[in-house]
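Visitor: Please show me the structure, and then let us discuss how its parts pack together.

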Amino acid sequence: MKFDFTLTPDQRTLTEDNLAVIDKVISRYIHVNESVCGLGWDDLYQEGAAALCKAAATYDGSSAQFSTYATAVIRNHLLNHCKAVNTDQRNLSTVSLDDNGPDDGRPPPCPELSVPDGVDALLGQLDAADFLADCKRRYTGVALLGVEALEWKVKGLTGADIARLYGAKPNQVGAWISRATQKIRKDIVEKRLPHL
C-alpha cells in the first residue's frame, strides 16, 4: 500500500485508539498461515496497521462509526493482500534442495541429458550430452552460459526456471542460448565441431 499523505494529530489518535480493530479483522476474516511469507500474523498485522492509517486519513466522520469504517477498509485491504500473496505463491516454481551441487553458487552440471527439446535440430542426431560437453570445453563467457542453459532446457526446464537458477532475467537466458547456437552453427560450418 502506498501512502501519499501524513496523518494529523487527530487522525493519529484515532488510529492509536482503534488498534484492536486490526486483531478483530484478522481473527474474523483472514486465515493466518505462518508457513507462507506474507500470510503470517506479523505480516498481516503490519498490512492491517497500514490500512488502519488509510482509514483514519480517509474517514469523513459522518457515514458510520470509525471502527465500522476501519473494519471494512482493513478487511478489504487484507483480502487483496492475501490474494496477491497467493498469486505470487502459485507463480513460484520449486527447486529440489536435496541435490547438493557445487558451493560456488553455480547450478550443478548436467550429468546426462535425457529429454530432447527440439530447440535446435543441430543436436538431433548426436549424443547431446557429449556434444554439449565438448562445446562447454571450447566456449567461454556468454556462449558457455548458453550451452549450460541448453543443457537445462534439454532436461526439461523452461527459460524462466533457468533464469531463477542463475539469478538472471528470462530474456537474458534466451540471449545466452541464441549466442551459443550461433557459435555452434559457425563452428560446424568452419569444421571445428563435427557435422551432423
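**Packing in a predicted model**

Guide: This is a predicted model. Leaving aside neighbours within four places in sequence, isoleucine 74 is in contact with Val21, Ile22, Val25, Gly48, Ala51 and Leu52.

Visitor: Which second, separate core is there, and how many residues has it?

Guide: Apart from the largest nonpolar core, there is a second, separate one. Tyr139, Val147, Trp152 and Tyr166 are among its members. The number of residues in this second core is 18.

Visitor: Which helix gives the most to the largest nonpolar core?

Guide: The largest nonpolar core has 20 residues, and those with the most contacts inside it are Leu39, Leu44, Leu52, Phe66, Ala70, Ile74 and Leu78. Two or more residues come from each of helix 2 (20–29), helix 3 (41–58) and helix 4 (66–90). With seven residues, the element that gives the most is helix 4.

Visitor: Are helix 2 and helix 3 parallel, perpendicular or oblique to each other?

Guide: Two packed helices are described by the angle between their axes and the distance between the axes. For helix 2 and helix 3, the axes come within 9 Å and cross at roughly 125°. Angles of 65 to 115 degrees count as roughly perpendicular and those over 145 as roughly antiparallel. The crossing angle lies in neither range, and therefore the relation of helix 2 to helix 3 is oblique.

Visitor: Which residues of helix 3 make the contact with helix 2?

Guide: Helix 2 passes helix 3 in a right-handed crossing. From helix 2, the contact is made by Ile22, Asp23, Ile26 and Ser27. From helix 3, the residues are Trp41, Leu44, Tyr45, Gly48, Ala49 and Leu52.

Visitor: Is cysteine 37 buried or exposed?

Guide: Cysteine 37 is placed in the loop between helix 2 and helix 3. Its relative accessible area is 65%, and the cut-off for this class is over 50%. Cysteine 37 is therefore exposed.

Visitor: How far apart in space are cysteine 37 and valine 85?

Guide: Leaving aside neighbours within four places in sequence, cysteine 37 is in contact with Asp43, Val85 and Gln89. Cysteine 37 and valine 85 are 48 residues apart in sequence. In space, C-alpha to C-alpha, they are apart by 7.9 Å.

Visitor: How many disulfides does the count come to?

Guide: Cysteine 82 is buried, at 12% relative accessibility, and cysteine 135 is buried at 0%. A disulfide requires a pair of cysteine sulfur atoms within 2.5 Å. By this rule, the number of disulfides is zero.

Note on methods: Residues numbered from 1 in each chain as written. Predicted model: local features only at pLDDT ≥ 70, side-chain atom pairs only at ≥ 80, totals over all residues. Heavy atoms only, no water. Core = buried A, V, L, I, M, F, W, Y, C linked by side-chain atoms within 4.5 Å. Buried < 20%, exposed > 50% of the residue type's maximum accessible area, 1.4 Å probe, protein only. Helix = DSSP H or I, 4+ residues; strand = E, 2+ residues; numbered from the N terminus. Contact = heavy atoms within 4.5 Å. Axes fitted to C-alpha atoms, helices over the stretch in contact; angles between N-to-C directions. Parallel < 35°, antiparallel > 145°, perpendicular 65-115°, else oblique. Left-handed = near helix turned anticlockwise from the far one by under 90°.
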